[in-house]
Amino acid sequence: MKKVQRHLEALQEDRLVISREEGRALVWQRKPWLQGTREGINLMGASEAVAFNILERFAGNKLPAAVLKDIEPLFKAAEVRLSQEKADSRVYRAWTDKIDSVDGTFALIRPKLRPEVFQTVATATFFERELLVQYRAAYKGEQTEEPAPKRLWPLALVESGGVMYMVAQDPTREPRPDKGRPGWLRTLFRLDRISKVTEAGVGFAYPEDFKLREYVDTEQAFNFLTQPPVRLELVFEGNAGNHLKESPMAKDQEVEMLPDGRLKVSGTVIPSLKLRWWLRSIGPQVEIIAPEPLRQEFATDYLKLAKRYQR
C-alpha cells in the first residue's frame, strides 16, 4: 500500500491526479485531461500537435459532442503549439499544408447536414440509444406532410461520396425465416434527409452479430441496388484499362492482351449502381463482353443516347 501511495503522490506532483479527504479515507481521482489550453501546450510535443491538428481537420466534424467536449482543448493546444516559434515547429507546422483529400469523381456540392441532426444521431450511436426518426425517402419524391416517426437503433455512421449515412436496425422487424427474412432489417439512412430526430429515452443492446466492416464488404449496401455476383468481362481500347493492373476490380481478376491490341479484363463482381456509373464514366473506350444481360442493358441505353443527341 505504501508503494501505491508513493506512486499516487508522484502522479499528483505531476498534476495527473487529484486527491480529497472523505472522512478518514483519502480518495484519489484522475484529473480531467487538460483543464485548459495553456496546460495542454506545456504537455504537448510537436508530433502530438500535428496528430491532433490532422484529426480535427479530417474527422473533427464527425465526432459526437460527448467526445468532442473532452478533447477540444487538445485541438486548441495543438493549434497554439504549432504556431510557436520553436526549433521544431516549422517542418511540423508545414505538414498540415502538405496533405489533403479529394474526391475521385466529379465533385458535386454536398447536401447540407444540420449540425443538430448529426449530433443527435452521433450521440445516440455512441451511447447506444434508440432514436425516433422522421425520414424523407428520396423515392417518395416531394412530401407535403411530415413523415411519421420511426423507431430505429443507430448502429454506425459511414461517409460515402461526401454524404453521411446512418446504418440503423428496425427493432420492429424481427427475423422471419418463414417469410424470407433470415436476419434483422438493417437499412441506410442519409442524415441530410432526416427532417427531425430525437432520442427515445431508452437504450438498446447492441447486436453482437453486426460488424460494420463485414456489413460494408458483404452487403455492398453502399454500392446501391446490388445484384447476385457475376463474371464480368471487359475489353478496353488504348490505355483506358491500364489502371486495373494496379487497382484490380476483383480478387480473381484475370488480364490478357488480345491479338487486336485491346486489353481484356475479367473478374467476379457484384452488379450495382456504382459499377454502372464506373463503366459509363469510361465511355466508348470499354466494351462489356459478359454477362449478356448487362451488355444488352448498356447497348439499349447507348442507342437511346444516340437518338437523343441526333435530335
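In this talk a residue is called buried when its relative accessible area is under 20%, and exposed when that area is over 50%. With that cut-off, Arg 186 counts as buried, because its relative accessibility is 18%. Please keep in mind throughout that this is a predicted model.

Let me begin with the salt bridges. The structure holds 19 of them. Arg 186 takes part in one, and its partner is Asp 209, with the closest N and O atoms 2.9 Å apart. Arg 186 sits in strand β6, residues 186-190, while Asp 209 lies in the loop between β7 and α7, so the pair ties together parts that are 23 residues apart in sequence. Is Asp 209 buried or exposed? Asp 209 is exposed, at a relative accessible area of 52%. One partner of this bridge is therefore buried, and the other is exposed.

A further bridge joins the side chains of Arg 231 and Asp 252, at 3.0 Å from N to O. Here too distant parts of the chain are linked: Arg 231 belongs to strand β8, residues 230-236, and Asp 252 to the loop between β8 and β9, 21 residues apart. Arg 231 is partly exposed, with a relative accessible area of 31%, and Asp 252 is likewise partly exposed, at 35%.

The next pair connects two helices. Glu 297 and Arg 280 form a salt bridge whose closest N and O atoms are 3.9 Å apart. Glu 297 is in helix α9, residues 292-310, and Arg 280 is in helix α8, residues 273-282; the two positions are 17 residues apart. Both count as partly exposed, Glu 297 at 27% and Arg 280 at 34%. In addition, Asp 260, Arg 262, Glu 287 and Arg 295 are linked in a network of salt bridges.

I turn now to the interior. In soluble globular proteins, nonpolar side chains tend to be buried together. In this model the largest nonpolar core has 17 residues, and among those with the most contacts inside it are Val 121, Leu 131, Met 166 and Val 197. Which elements give two or more residues to this core? They are α6, β3, β5 and β7. The largest share, 5 residues, comes from α6. Leu 131 is a useful residue to display: beyond its neighbours up to four places away in sequence, Leu 131 touches Val 121, Met 166 and Val 197, among others. A second, separate core of 16 residues includes Leu 232, Leu 234, Ala 250 and Leu 279.

Let me close with helix α6 itself. This helix has 13 residues and reaches 18 Å from its first C-alpha to its last, close to the 18 Å expected at 1.5 Å a residue. Its buried residues are Val 117, Phe 118, Val 121, Ala 122, Thr 123, Ala 124 and Thr 125. What covers them includes α4, β3, β4, β5 and β7. Thr 125 deserves a separate word. At 15% relative accessibility, Thr 125 falls under the 20% cut-off and therefore counts as buried. Leaving aside neighbours within four places in sequence, Thr 125 is in contact with Pro 154, Leu 155, Ala 156 and Leu 157. Just after the helix, Glu 128 takes a positive phi of about 60 degrees.

Methods:
Residues numbered from 1 in each chain as written. Predicted model: local features only at pLDDT ≥ 70, side-chain atom pairs only at ≥ 80, totals over all residues. Heavy atoms only, no water. Core = buried A, V, L, I, M, F, W, Y, C linked by side-chain atoms within 4.5 Å. Buried < 20%, exposed > 50% of the residue type's maximum accessible area, 1.4 Å probe, protein only. Helix = DSSP H or I, 4+ residues; strand = E, 2+ residues; numbered from the N terminus. Contact = heavy atoms within 4.5 Å. Salt bridge = Lys/Arg side-chain N within 4 Å of Asp/Glu carboxyl O. Expected span 1.5 Å × (residues − 1).
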